[in-house]
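Please open the structure in your viewer and keep the selection panel at hand for the stops that follow.

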Amino acid sequence: MIQQSLPMLPYSNSSLSTEVSEFLLNCFVRSPSWQLWLSLPLSLLFLLAMGANATLLITIWLEASLHEPMYYLLSLLSLLDMALCLTVIPKVLAIFWFDLKPISFSACFLQMFIMNNFLPMESCTFLVMAYDRYVAICKPLHYPSIITDQFVARALVFILARNTFLTAPIPILSARLHYCGRNIIENCICANLSVSKLSCGNIMLNKIYQLILAWTLLGSDLILIFLSYIFILRAVLRLNTKGAAAKALSTCGSHFILILFFSTILLVLVFTHLAKEKVSPDVPVLLNVLHHVIPAALNPIVYGVRTQEIKQGIWKLLRKGNDSRK
């Protein structure tokens, strides 16, 4: 028998693969059963987050006594929470409930942009709120002249400009990569590294830029926030008036709780990524999803329960609604 040898063809990505037009989000590769028991709690958390933040925004908008800088910043935080929730959770629930895994190329990178942009915006908003509390406690006589509507407007411009300018390169760098075959993202969301590792090109620049940006933006924000609270605590301990220290700490308590929600789950997510060998790869995926809904659900509740002015504003709106029905 004579064997005819075939000529060897050089390997070429362009000849053996096609351009990717959409991705498939494969949430929990090693623990698919998680989707069953997560779907209902995640749906309830999403509804709670939307309802609570909408109630808070409507209350601040309609109640004239809440038209103050601190509540404007709280409104911004609620808007960011709602935007992040709407960007991530409906798609995750569509996968859980209806197995709708496909996501278009453009939708994936739009989601990536919003997540990478709005998360540092939240961190920056917490920083501005920490400065607001610092001035209120440490320089109370100067508070009305420092924390004004103009200050909030300038802070808003800074938050938008800083984070949009610095985070925009992340989805741009990922979108410019050549995707030539593999399109299954082992994640519930279009996270930068989960997507870019599917490409045929070198992603080292993506990794380095995201690492530097994360520590520069989020790291510096959290350090400055906790430094401001050290100054606040030192000022509170110097107060000699009876009950003044307790009142001062009470005004900062709600804000500090929100920062703990935000930073704790973020730190846990970082540590699970660092300990990849000891933790299931599905755990960071789960934490990433929860980070987009748990703080959003808890933030307005904490402020609503702990802030007397907001509670009074909500009760006023409820009474007006009942009176109008009568």
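Begin with helix 2 and helix 3, whose crossing is left-handed in this predicted model. To see the pair, select residues 34-62 for helix 2 and residues 69-98 for helix 3, and look at how the two pack at an angle of about 155°, their axes lying 9 Å apart. Because angles over 145 degrees count as roughly antiparallel, helix 2 is described as roughly antiparallel to helix 3. If you then colour the residues of the contact of helix 2 with helix 3 by character, 23 nonpolar, 6 polar and 1 charged residue should appear.

Next, turn to the empty space inside the model. How many cavities of 30 Å³ or more does a search of the whole structure find? The search finds 3 of them, and the largest cavity holds about 40 Å³ of space.

To locate the largest cavity, select M70, L73, M129, D132, R133, H255 and Y303, the residues that line it. Keep helix 3 on display and add helix 4 (105-138), since each of these two helices supplies at least two residues of the lining of the largest cavity. Which helix gives the most to that lining? Helix 4 does, with 3 residues.

Finally, colour the lining of the largest cavity by character as you did for the helix contact: the lining residues divide into 4 nonpolar, 1 polar and 2 charged. With the lining still selected, helix 3 can be viewed in both of its settings, as the packing partner of helix 2 and as a contributor to the lining of the largest cavity.

Note on methods. Residues are numbered from 1 along each chain as its sequence is written. This is a predicted model: local features need pLDDT of at least 70, side-chain atom pairs count only at pLDDT 80 or more; totals for chains, interfaces and linings use all residues. Side-chain values use heavy atoms; hydrogens and water are left out. Axes are lines fitted to C-alpha atoms, for helices over the stretch in contact, and angles run from 0 to 180 degrees between N-to-C directions. Helices (H or I, at least four residues) and strands (E, at least two) are DSSP runs, numbered from the N terminus. Angles under 35 degrees count as roughly parallel, over 145 as roughly antiparallel, 65 to 115 as roughly perpendicular and the rest as oblique. A crossing is left-handed if the near helix is turned anticlockwise from the far one by less than a right angle, and right-handed if clockwise. Ala, Val, Leu, Ile, Met, Phe, Trp, Tyr, Cys and Pro count as nonpolar, Asp, Glu, Lys and Arg as charged, and the others, Gly among them, as polar. On a 1 Å grid over the protein atoms alone, a cavity is a set of points where a 1.4 Å probe fits but cannot get out, and a pocket is an open set with protein on both sides within 12 Å along at least five of seven lines; lining residues have an atom within 4 Å of a point. Grid points are joined across faces, edges and corners, and a volume is the space filled by probe spheres set on the points.
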